[in-house]
Amino acid sequence: MEKTLDHIGVAVRRIEDAIGFYKNVLGAELIDRYRSEAKGVESEIAIMDIKGERTELLCPTNNTTSPIARFIKQKGKGVHHIAYRVDDLEEALLELKKQGIRVMEETRRTNKHGRRLIYLNPADTEGTIIEYCDYPIEK
């Protein structure tokens, strides 16, 4: 199955500062900004676009339970995950299972833009947090 880079997720402490950097230094456009208090997300998200390439800025809204807050405490701010777009998420999950790659089922969800996503287990990806996603509404 073909995979293409969808976006890079970046953990930040102050979303306003991060948006300013992306806009003023990198020339990015703010495409969307929203909060998700869903369990396992608990973040404010700003989607930045630079000539068709997307970066998601992720700022924790709960410093106790947000996975982004835990990530920042353990590793500091910076690249949190790399997301790859697949044609069909369910088919991609079957392919991963055949390859012995585990996913973190508790991360499976559909975001406000209709993107279905799940994170692969970093123990099986050489430590990198990788997201697989698809956009079934666009099909």
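Contact here means heavy atoms within 4.5 Å. Keep that cut-off in mind for the stops below. The model is predicted.

**Whole chain**

Start with everything shown as a cartoon. The protein chain has 3 helices and 8 strands. Colour from the N terminus and read off the order: β-α-β-β-β-α-β-α-β-β-β. Along its principal axes, the C-alpha trace spans about 45 × 35 × 25 Å. The radius of gyration is 15 Å, which agrees with the value near 14 Å for a compact globule of 139 residues.

Switch on the surface. About 8,100 Å² is exposed, and carbon and sulfur atoms supply 50% of it. Of the 139 residues, 43% count as buried. Now think about how the chain folds back on itself. Take contacts between residues at least 6 apart in sequence: 52% of them join residues at least 24 apart.

**Strand β1 and its partner**

Select residues 3–11, which form β1. Add β5, residues 78–86. β1 and β5 run antiparallel, joined by 8 bridges. Pick threonine 4 and look across to β5: arginine 85 stands opposite.

Stay on arginine 85 and look for β8. The bridge partner of arginine 85 in that strand is cysteine 133. β5 and β8 pair in the parallel sense, over 4 bridges.

**Strand β8**

Select residues 130–134. Is this strand mostly covered, and how many of its residues are buried? β8 is mostly covered, with 5 of its 5 residues buried.

Show the side chains. In a regular strand, side chains alternate between the two faces of the sheet. In β8, Ile130, Tyr132 and Asp134 lie on one side, and Glu131 and Cys133 on the other. Both faces are covered.

Next, add β7, residues 116–120. β7 pairs with β8 in the antiparallel sense, over 4 bridges. Find tyrosine 119 and glutamate 131: they are bridge partners.

**The loop between β7 and β8**

Select threonine 125, which lies in the loop between β7 and β8. Is threonine 125 buried or exposed? Its relative accessibility is 13%, so threonine 125 counts as buried, the cut-off being under 20%.

Show what surrounds threonine 125. Not counting residues up to four places away in sequence, threonine 125 touches Leu120 and Ile130. Ile130 is one of the buried residues of β8. Then zoom in on the side chain of threonine 125. One of its polar atoms lies 2.4 Å from the backbone oxygen of threonine 128.

**The cores**

In soluble globular proteins, nonpolar side chains tend to be buried together. Which residues have the most contacts inside the largest nonpolar core? Select Ala11, Ile45 and Ile68 to see them; this core has 14 residues. β3 (43–50), α2 (67–75) and β7 each supply at least two residues. α2 gives the most, with 3 residues.

Centre on alanine 11. Leaving aside neighbours within four places in sequence, alanine 11 is in contact with Leu58, Ile68, Phe71, Ile72, Lys77, Gly78 and His80.

Another core, of 11 residues, lies apart from the largest one. Finish there by selecting Ile15, Ile19, Tyr22 and Leu57, which are among its residues.

Terms used
Residues numbered from 1 in each chain as written. Predicted model: local features only at pLDDT ≥ 70, side-chain atom pairs only at ≥ 80, totals over all residues. Heavy atoms only, no water. Buried < 20%, exposed > 50% of the residue type's maximum accessible area, 1.4 Å probe, protein only. Pairing = 2+ DSSP bridges. Polar contact = N/O pair within 3.5 Å; in protein donor to acceptor, adjacent residues only side chain to side chain. Rg over C-alpha atoms; globule rule 2.2 N^0.38 Å. Areas by Shrake-Rupley, 256 points an atom, 1.4 Å probe, with all protein chains shown as cover. Core = buried A, V, L, I, M, F, W, Y, C linked by side-chain atoms within 4.5 Å.
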